[in-house]
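Q: Could you take a close look at the surroundings of the ligand in this structure, and tell me what they are built from?

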Amino acid sequence: MTADFLIVGQGVAGSVLAWILDQRGCSVILADDPNLPSASAVAAGIVNPLTGRKLVRTWKADELFPFLHQFYSGIEQTLGVRFFHPKTIYRPFRSVREQTDYLALTADPAIRQYVSESADNQSYSQFIQNPFGGLEVTQAGWLDLTEFVRVIKGYFVRKNQYFEGRITADDLHIKADKVGWKDIDFTKVIFCDGVQSRENPLFNWLPYNPVKGQILTAIAEGYSIKNIVNQGVFILPVREGLIRIGATYSWHDLDWQTTDDGRSFLESKVREILKIPYQIVNQQAGIRPSTKDRRPFIGLHPEHPAVGIFGGMGTKGVSLAPYLAEQFSRYLLDGEDLESEANISRCVSL
Ligand SMILES: Cc1cc2nc3c(=O)[nH]c(=O)nc-3n(C[C@H](O)[C@H](O)[C@H](O)COP(=O)(O)OP(=O)(O)OC[C@H]3O[C@@H](n4cnc5c(N)ncnc54)[C@H](O)[C@@H]3O)c2cc1C
């Protein structure tokens, strides 16, 4: 038997790539081991073109953001489902100084295109501390990752093109022009195994710099703000009265365990902005597949051209995956160029 692609790993990266290749008419088997941890199962799924205290534009934002909005809503329309929620991100100013600084930053047209003309500050003030007002970042939103992964899994299960279980390099018969797995010969195998790639002998030479993150889920009775709020931490309204609060960043103790310190940190930050009481109902931890140069790892293995990787999505998998998977599919199927900053060929001399 033959098939075009075996995709190993179904977080956001594997889901998006498998969908795009399937829609191009390729035969795709999507595989995932539910016993392994997944960053996508923990992540808030926020897409945000302007990040950090300095409103830094996300890498390639002008390409990524129009594309991702079209991509996720396109799947929703095709399958008659809902998992993508376009929202603005409200950023209350901490002081008059910050208000002045931010207004100066938004004078730059490259930044201004992602900021609302004016924010309805009053609509937030019942729940959020905002004595100095705030600004709203547009073209933002969140992807319900649990639902997205469930829907994409269902799509491939129905086509009988899903494998539940682990696939390692040892299970593969790698040749120059194909890869055998069980009784199927694939044209290519693409690893979308997230941070587990560090244990994958085919790709463990790539310079990862994983970042642990923690996130809380809380009940906040009556909280009815529909947009995401961000000041040091984000408050993401999942539905009325239910919020997610995140996230922490830690480069040590890289395990998937929650900690009291993580919870205390998030609580201390959220108490600064949230005016109403809340009750924590869940705490989760995950490891982001970040890289040393903060660019994704995409491309084919330098010695085994039938094996590839689509990973290193770091803190922004939901924003990066659609545009870059589309580009990777054109590279694989049409011989087009890959974004050089994302291509793993940049690491080969290492
Ligand atoms: C607390 C926290 C908050 C975050 N918030 C956001 C956010 O708001 N927005 C955003 O864009 N990103 C966010 N991120 C980052 C986001 O989680 C990652 O960018 C993204 O999930 C990476 O996706 P991935 O598919 O590459 O990896 P994963 O989601 O980790 O998926 C890898 C999959 O591969 C499977 N797998 C691995 N090895 C094998 C194998 N050998 N065989 C079979 N299956 C295998 C695993 O089971 C897993 O399902 C957050 C992360 C954390 C921890």
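A: Here is a walk around the ligand, then on to the core and the two domains. This is a predicted model, in which local features need pLDDT of at least 70, side-chain atom pairs count only at pLDDT 80 or more, and totals for chains, interfaces and linings use all residues. Residues are numbered from 1 along each chain as its sequence is written.

The ligand has 43 residues around it, and Gly9, Gly11, Gly194, Gly213 and Gly317 come nearest (a residue is near if its C-beta atom, placed from the backbone, lies within 6 Å). By class, this shell has 18 nonpolar, 19 polar and 6 charged residues; Ala, Val, Leu, Ile, Met, Phe, Trp, Tyr, Cys and Pro count as nonpolar, Asp, Glu, Lys and Arg as charged, and the others, Gly among them, as polar. Elements that each supply at least two shell residues include helix H1 (12-23), strand S14 (211-219) and helix H7 (317-334), where helices (H or I, at least four residues) and strands (E, at least two) are DSSP runs numbered from the N terminus.

The ligand lies between domain 1 (2-42 + 145-207 + 293-347) and domain 2 (89-137 + 211-288), because both give residues to its shell; the bounds come from an automatic or database domain assignment. The domain centres, taken over C-alpha atoms, are separated by 32 Å. In contact (C-beta atoms, placed from the backbone, within 7 Å) are 6 residues of domain 1 and 8 residues of domain 2. On the domain 1 side, 4 of these are nonpolar, 2 polar and none charged.

Ile7 touches Leu17, Val28 and Cys192, among others, not counting residues up to four places away in sequence.

How values were computed:
Two residues are in contact if their C-beta atoms, placed from the backbone, lie within 7 Å.
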